[in-house]
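Colleague: I am new to this structure and would like to learn how to read its features one by one. Could we go through them together?

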Amino acid sequence: MKRHSYILASLMLILGLPDLALADAHEQLNGSDTAWLLTSTALVLFMTIPGLALFYGGLVRAKNVLSVLMQCFALTAILSVVWVIIGYSLSFNTNGMTAGTTNLNSFIGGLGTAFLSGVTADSLSGTIPETVFITFQMTFFIITPALIVGAFAERMKFSAVLLFSVLWSIVVYAPICHMTWGGDGSFFGDMGVLDFAGGLVVHINAGVAALVACIVIGKRQGYPDAQILPHSLSLTVVGASMLWVGWFGFNAGSAVAADGAAGMAMLVTQISAAVATSTWMFIEWIKNGKPSILGAVTGTIAGLGAITPASGSVGPLGAIVIGLAAGAICFWASTTLKRKLGYDDSLDVFGVHGVGGIIGTLLCGIFVVKSLGGQGLAEGMTMGSQFTAQLIAVIITIVYCGVVSFILLKIVDAAVGLRVSQEEETGGLDIALHDERGYNY
């Protein structure tokens with residue numbers, strides 16, 4: 001049959017029907033899906049550099065701006081290499097997995113594709129080249145540890161940032177990714193957990209690690225008594241705008257197809273971001289008498305993070321509720337809760353990403369039902385069982401990430417030390433760690 005297929009394709013070419021011939025000879029490859037994922041991959045990379053780098057860079061003091069930019073840029077390079085060597089294999093290799101059977105491979109992938117062994121230009125992942133899927137998922141692997149940087153900004157050694165990020169991406173990110181997106185036989189997958197684009201894998205994971213990290217490393221000098229203000233809200237707004245645009249690749253790209261699911265994911269992403277931005281802005285306006293651009297863009301990121309796990313499951317109604325909840329609850333977590341507990345999460349990674357991810361993951365279990373405008377429950381699932389599955393996955397992710405992140409931080413502290421000296425922190429990390437200044441006056 002395969003020989004006949006190629007003979008037919010050749011005849012089509014001779015008769016002047018090249019498109020039909022190509023479609024027949026490569027019937028598994030979908031050009032539209034591939035083009036969309038290529039675009040989405042570029043958009044997600046754009047989220048980290050320059051989007052997140054500028055967003056975080058503007059929020060720190062001028063003496064530390066280059067240190068944050070350097071961390072984001074260096075992590076993009078180093079984690080790309082880690083992904084190729086072992087990250088992709090630990091996250092997506094399915095050797096030994098069987099649906100309904102729990103074993104070690106339900107929690108972590110094998111080493112069958114380490115160094116991308118066996119991957120060629122002709123390898124497919126569904127309807128797209130595996131090379132494109134690998135690069136798309138690489139951008140998620142990059143941005144998640146980069147998000148954590150905001151929690152300990154202005155006080156962690158560069159060597160510690162790199163070492164912790166590499167270890168964390170292998171020991172924390174890869175297992176949670178595999179349990180969630182590893183397919184039939186993966187732990188969360190067999191539970192029926194819904195996480196379309198990374199509520200568990202990216203936002204809760206990063207948020208919890210950020211909370212643990214900022215507690216372990218301690219507060220910045222002078223916090224909370226001294227006034228520590230962003231040095232350039234202009235940079236922050238530019239970075240936030242890039243993140244908003246890039247998020248369409250993050251969420252709609254996770255459909256891994258140019259179809260209706262991608263379209264709905266794009267729509268609900270825009271709705272949630274808009275509602276959360278407005279919610280945060282009006283809460284701040286009522287509470288403080290004036291709305292701030294810092295509050296508005298923070299609300300945007302909260303809405304984007306919260307809709308991420310639900311973007312392929314809920315409809316416009318769900319997006320509105322998730323946006324409202326993210327805007328209000330993340331505002332409370334980043335202000336009231338943070339002050340009461342006294343931790344110094346420099347750029348509110350936990351309050352925005354961690355809390356937002358929890359909100360979206362849980363509400364996804366409710367608003368996925370068709371009666372509330374969602375895409376519908378899987379066969380055999382009820383709203384109650386879906387919400388329970390979501391809750392269990394959230395708890396497991398929080399506990400696993402929290403405990404392992406703590407252990408890794410202690411290992412890194414023993415190996416290279418976590419925190420810069422008091423003198424270096426006072427003078428700024430730009431000069432102390434990189435011998436450069438962000439601005440020359």
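**Reading the model feature by feature**

Modeller: Start with one residue: Leu-324 lies in helix H12. Bear in mind that this is a predicted model.

Colleague: Is Leu-324 buried, partly exposed or exposed?

Modeller: Buried means under 20% relative accessible area and exposed over 50%, with partly exposed in between. Leu-324 has a relative accessibility of 44%, so it counts as partly exposed.

Colleague: How far apart are Leu-324 and Gly-303, in sequence and in space?

Modeller: They are 21 residues apart in sequence, and their C-alpha atoms are 8.1 Å apart in space. For another such pair, take Gly-189 and Ile-78: 111 residues apart in sequence and 29 Å apart in space, C-alpha to C-alpha. Gly-189 is placed in helix H7, residues 187–191. With 32% relative accessibility, Gly-189 counts as partly exposed.

Colleague: What span should helix H11 have, and what span does it have?

Modeller: Helix H11 covers residues 293–307, which is 15 residues. At 1.5 Å a residue it should span 21 Å, and its end C-alpha atoms are 21 Å apart, so the two agree. H11 is also mostly covered, since 13 of its 15 residues are buried.

Colleague: What does that check give for helix H14?

Modeller: H14 runs over residues 383–415, 33 in number. The expected span is 48 Å and the end C-alpha atoms are 47 Å apart, which agrees. After H14 comes Gly-417, with a positive phi near 85°.

Colleague: Now pairs of helices. At what angle do H10 and H12 pack?

Modeller: Helix H10 (residues 260–288) and helix H12 (residues 316–341) pack at an angle of about 40°, and their axes are 7 Å apart. Angles under 35 degrees count as roughly parallel, and 65 to 115 as roughly perpendicular. H10 and H12 are therefore oblique to each other. The crossing of H10 past H12 is right-handed.

Colleague: Which kinds of residue make up the contact of H10 with H12?

Modeller: The contact of H10 with H12 has 16 nonpolar, six polar and three charged residues.

Colleague: How do H9 and H10 pack?

Modeller: Helix H9, residues 233–252, packs with H10 at an angle of about 140°, with the axes 9 Å apart. Because of that angle, H9 is oblique to H10. Here too the cut-off matters: over 145 degrees would count as roughly antiparallel. H9 passes H10 in a right-handed crossing.

Colleague: How is a pair of aromatic rings described?

Modeller: By the distance of the centres and the angle of the planes. This structure holds 16 aromatic pairs. One of them is formed by Trp-83 and Phe-92, edge-to-face, at 6.3 Å centre to centre and 80° between the planes. Trp-83 is buried because its relative accessible area is 0%. Phe-92 is buried as well, at 14%.

Colleague: What are the values for Phe-141 and Tyr-173?

Modeller: Phe-141 and Tyr-173 form an edge-to-face pair, with 5.4 Å between the centres and 80° between the planes. This pair links distant parts of the chain: Phe-141 is in helix H5 (residues 130–148), Tyr-173 is in helix H6 (residues 158–181), and they are 32 residues apart. Phe-141 is buried, with a relative accessible area of 0%, and Tyr-173 is buried, with 0%.

Colleague: Which residues do ring pairs link into a cluster?

Modeller: The cluster consists of Trp-83, Tyr-88, Phe-92, Phe-133, Phe-141 and Tyr-173.

Colleague: What should I look for in the backbone?

Modeller: Most residues other than glycine have a negative phi, and most peptide bonds are trans. Phe-115 is not a glycine, yet its phi is positive, about 55°. Phe-115 is in the loop between helix H4 (65–92) and strand S1 (124–125). Its relative accessible area is 61%, so Phe-115 is exposed. Val-256 also has a positive phi, near 55°, and lies in the loop between H9 and H10. Val-256 is partly exposed, with a relative accessible area of 25%.

Colleague: Where are cis peptide bonds found?

Modeller: One joins Ile-49 and Pro-50, with omega about 15°, and Pro-50 is in helix H3, residues 31–59. Another joins Tyr-223 and Pro-224, with omega about 5°. Pro-224 is in the loop between helix H8 (199–217) and H9.

Key:
Residues numbered from 1 in each chain as written. Predicted model: local features only at pLDDT ≥ 70, side-chain atom pairs only at ≥ 80, totals over all residues. Heavy atoms only, no water. Helix = DSSP H or I, 4+ residues; strand = E, 2+ residues; numbered from the N terminus. Expected span 1.5 Å × (residues − 1). Buried < 20%, exposed > 50% of the residue type's maximum accessible area, 1.4 Å probe, protein only. Axes fitted to C-alpha atoms, helices over the stretch in contact; angles between N-to-C directions. Left-handed = near helix turned anticlockwise from the far one by under 90°. Nonpolar A, V, L, I, M, F, W, Y, C, P; charged D, E, K, R; others polar. Phe/Tyr/Trp six-rings, centres within 6.5 Å; stacked < 30°, edge-to-face > 60°.
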